[in-house]
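Let's take a walk through a protein model together, starting with empty space inside and then turning to the backbone. Keep the 3D view open as you read.

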Amino acid sequence: MSDRTFEILETKERVIADNDAEAAKVRKLLDEHKIFLVNLMASPGAGKTTTLVRTINALKDKYRIGVMEADVDSDVDAKTVSLAGAKVIQLHTGGSCHMDADMTRRGLEGLGLDDVDVVFLENVGNLVCPAEFDVGANKRVMILSVPEGDDKPLKYPLMFSVSDCMLIGKIDVAPVFDFDFDACKKRVKALNPDIEIIEVSSLKGDGFDEWINWLTQQIERSR
């Protein structure tokens, strides 16, 4: 048998460390251009795009809004969001299940930084990978839709732990789903006592005044 020794490289730790360094560069870039960046995360079908369109319509008279639509492929969401009047760029991740800080920086540069005040990154749809990567955003916002179930904080705790705000979406369909709002909130608060939790219906607009007020406060505090 060989006596050779082998170097063991902890690749995940190195990847995260490199990403954190890139995230610092993104924050500096945002600060230089006085841009507020929101990292919007959720599962596929949770209602990210519908929520984003209603949010753009509520804010576009006050702020110049840009959107980076991240997906493995297609430009369906970018076309939908562009109709709301935001400046949009489509980002294809080449099969990656998340955006990282370097992708975000390049996306911001591609979007253009001189004519936007607020930028939303609609991250790739899932509750795992996007939570692991800091993209340099001012705030991380996640959506948990009622049809997904109230047990998701137990299954994907990191996403709930790192988010600044959780929107419980699609509350208009709650009567036909067995979703325990109190249990869900209790589980989330156990993971992240400081998280803001807001119930919304992006289809009907319920809860949007509270969501827009919270978001506007965060934007103004950063300016």
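## A look inside

Helix H2 gives the most to the lining of the largest cavity, with three residues. Keep in mind that what you're looking at is a predicted model.

How do we find a hollow like that? Rolling a probe the size of a water molecule over the atoms shows where empty space is left. Here the structure holds one cavity of 30 Å³ or more, and the space in the largest cavity comes to about 30 Å³. Around that space you'll find Val 38, Leu 40, Thr 51, Leu 52, Thr 55, Phe 120 and Trp 211. Two elements each give two or more residues to this lining: strand S1 (36-42) and helix H2 (48-59). What kinds of residues make up the lining, by class? Five are nonpolar, two are polar, and none are charged.

Now let's leave the cavity and look at the backbone. Most residues other than glycine have a negative phi, and most peptide bonds are trans. With that in mind, find Lys 34, which has a positive phi of about 55° even though it isn't a glycine. Lys 34 sits in the loop between helix H1 (11-33) and strand S1. Is Lys 34 buried or exposed? Its relative accessibility is 67%, so Lys 34 counts as exposed, since the cut-off is over 50%.

Next, scroll along to Lys 170, another residue that isn't glycine, with a positive phi near 60°. You'll find Lys 170 in the loop between strand S6 (165-169) and helix H8 (181-191). With a relative accessible area of 30%, Lys 170 is partly exposed.

Notes: Residues are numbered from 1 along each chain as its sequence is written. This is a predicted model: local features need pLDDT of at least 70, side-chain atom pairs count only at pLDDT 80 or more; totals for chains, interfaces and linings use all residues. Side-chain values use heavy atoms; hydrogens and water are left out. On a 1 Å grid over the protein atoms alone, a cavity is a set of points where a 1.4 Å probe fits but cannot get out, and a pocket is an open set with protein on both sides within 12 Å along at least five of seven lines; lining residues have an atom within 4 Å of a point. Grid points are joined across faces, edges and corners, and a volume is the space filled by probe spheres set on the points. Helices (H or I, at least four residues) and strands (E, at least two) are DSSP runs, numbered from the N terminus. Ala, Val, Leu, Ile, Met, Phe, Trp, Tyr, Cys and Pro count as nonpolar, Asp, Glu, Lys and Arg as charged, and the others, Gly among them, as polar. Buried means under 20% relative accessible area, exposed over 50%, partly exposed in between (1.4 Å probe, protein chains only).
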